[in-house]
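Here are some short exercises to work through with the model open beside you. Try each task first, then follow the solution step by step.

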Amino acid sequence: MFTEELFSKSARSNLRKDLSFANAIVEATNNVYDKDSNPRGVLNLGVAVNKLQEDMVLDKLNSINAVTKKDLDYGDPIGSTELRHNITDDIIVVNGLTSGLDKLASVLCDPGDAILIPSPCYSSFNLDFSLESKANVQLVKIPLVEFHDPGHISYYKSVYNELLEKGIKTKLIVITNPNNPLGICYSRPVLEAILQFANENSIFVLFDEIYALSVYRNQSYYKVNESNSTESDKQSSSPIISELDKFVPFESILSWNNLDNFIDPKLLIVAHGLSKDFCLNGFRVGWFVSPWNKSLNNAISILSEFSYIAGIADSIATRLLGDFDFIESFIVTVQKNLLVSFEKTTSYLNKKKVPFVPGMAGPFLWINIREQLFIWKNKNLKNGEKPLESLSELTFEDEISMWKDILENGRIYVTSGASYHSEEPGWIRLIFAIPWETLELGLDRLFDFITNSS
């Protein structure tokens, strides 16, 4: 007789996980809104996909797509020599970073070993690192106002010491730079503090640089806007966290020429891929770079037969990345389009008086809709509940209930701040890398639904 007790402990544990956030992504991507063919579909403002240059991407891919005999055979599990040559040296190609993170955790962690991740953070990290390897993801809660303060290393030390007292080893720190969901970059002093702490305790550091080429606000942008801004402009803008509204350039850890001053480089890994900067989520092509540690590369390579990409994907990616002139032009276009859409979106939010973190990279904004959540909550009280009197009474349960209502009845998908482990209820991650006609429709529907739903 079958019972689930026949499954492994790992499988039984996985079956008990709450996958509501992951299932919502499936709903948003499989049931897409179309005003003519699918008016009850979902307006997707939550999945991090850059759709601002789809025609450019499709034209290029269709011009280089050619299936050859080579594509019918098994390829190199770590990516073809040609593909790896077109990216950089000392890399391992995987079928998307989700799969890659699982393999990395298996290499670095025994079941129960800790991985430290500062929050708010990408919602799927917990599943990516724990479903198979059973690594122990531990959040390091960093107040937003302290993001650029090197002193926030104290939060890492506190979590590390608590785990040490329980006999739990910490094996990895994950830094997403540019940050997801904040859309801002880490300052060098902060990174130096993290590297020194990791080195002192022999902890690996993974730099997830998946949005490295999607930086759309640079130093010249900040200088021009500072000189052009007026007092009335400042007063009409939405309230933002002023400590985060400053120019901090993106610097890949691969570009540092003095790493030895802070950490043994053998403890460093960099992740990148096609999904975000190249607008190719569906290709499932990512890679790890660790030019300093051959042993680590070999350990990941041994597992690569479980994560190598399809031959046709390898071939197309090789041709795409090998056209250096196109890639240079494409990245410039991506950055320009992101900036235009950022300015339209923030102008819309300013008019609505909706606070946001002023991002500079990636296709998203971290926005605060606590006031809208407050209105929604008081219109959707459960039996026996008293009306809320202040924003401080809001809970994450309230936020998740509103998020479900927005998806199920408003037919709009946004990413709940609760899934990103925000420090308070009422934050969402909003994708703005969408053609404006669709994005404006989605924003209008979102705010209208929240304030009118009951």
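**Exercise 1. Two residues with positive phi**

Task: Locate Arg411 between its neighbouring elements, and decide whether Arg411 is buried or exposed.

Solution. Step 1: Arg411 sits in the loop that runs between helix 15 (396-408) and strand 10 (412-413). Helices (H or I, at least four residues) and strands (E, at least two) are DSSP runs, numbered from the N terminus. Before going on, note that this is a predicted model, in which local features need pLDDT of at least 70 and side-chain atom pairs count only at pLDDT 80 or more, while totals for chains, interfaces and linings use all residues. Residues are numbered from 1 along each chain as its sequence is written, and side-chain values use heavy atoms, with hydrogens and water left out.

Step 2: Phi of Arg411 is near 60°, a positive value in a residue other than glycine.

Step 3: Arg411 has a relative accessible area of 10%, so this residue is buried. The classes are buried (under 20% relative accessible area), exposed (over 50%) and partly exposed in between, with a 1.4 Å probe and protein chains only.

Step 4: Now turn to Lys353, whose phi is also positive, near 60°. Lys353 belongs to the loop between helix 13 (324-352) and strand 9. With 44% relative accessibility, Lys353 is partly exposed.

**Exercise 2. Cis peptide bonds**

Task: Find which residue is joined to Pro178 by a cis peptide bond, and do likewise for Pro181.

Solution. Step 1: The partner of Pro178 is Asn177, and omega of the cis bond is about 0°. Pro178 is in the loop between strand 5 (170-176) and helix 8 (188-200).

Step 2: For Pro181, the cis bond comes from Asn180, with omega near 25°. Pro181 is likewise placed in the loop between strand 5 and helix 8.

**Exercise 3. How the domains meet**

Task: Describe the interface of domain 1 and domain 2, starting from their bounds.

Solution. Step 1: Domain 1 comprises 4-49 + 363-452, and domain 2 comprises 73-323. These bounds come from an automatic or database domain assignment. The C-alpha centres of the two domains are 25 Å apart.

Step 2: Count the contacts (heavy atoms within 4.5 Å). Here 19 residues of domain 1 touch 22 residues of domain 2.

Step 3: Turn to buried area, the accessible area (1.4 Å probe) that two parts lose on being put together, summed over both. The domains bury about 1700 Å² between them, with 62% of it on carbon and sulfur atoms. Phe364, Tyr420 and His421 supply 33% of the area that domain 1 buries against domain 2, more than any other three residues.

Step 4: Check the polar side. Eight residue pairs, both at pLDDT 80 or more, are in polar contact between the domains. A polar contact is a pair of N or O atoms within 3.5 Å; within protein, one must be able to donate a hydrogen and the other to accept it, and residues adjacent in sequence count only if both atoms are side-chain atoms.

Step 5: Helix 1 (9-15), strand 9 (364-368) and strand 12 (427-431) each give at least two residues to the side of domain 1 that touches domain 2.

**Exercise 4. Salt bridges**

Task: Which parts of the chain does the pair of Lys294 and Asp90 tie together?

Solution. Step 1: Apply the rule for a salt bridge, a side-chain nitrogen of Lys or Arg within 4 Å of a carboxyl oxygen of Asp or Glu. The count comes to 13 salt bridges, but between domain 1 and domain 2 it is zero.

Step 2: In the salt bridge of Lys294 and Asp90, the closest N and O atoms are 2.4 Å apart. Lys294 lies in helix 11 (residues 294-302) and Asp90 in the loop between helix 4 (81-87) and strand 2 (91-94), so the pair ties together parts that are 204 residues apart in sequence.

Step 3: Compare Lys103 and Asp102, whose side chains meet in a salt bridge (3.0 Å, N to O). Both Lys103 and Asp102 are buried.

Step 4: Finally, salt bridges with shared partners join Lys377, Glu385 and Asp398 into one network.
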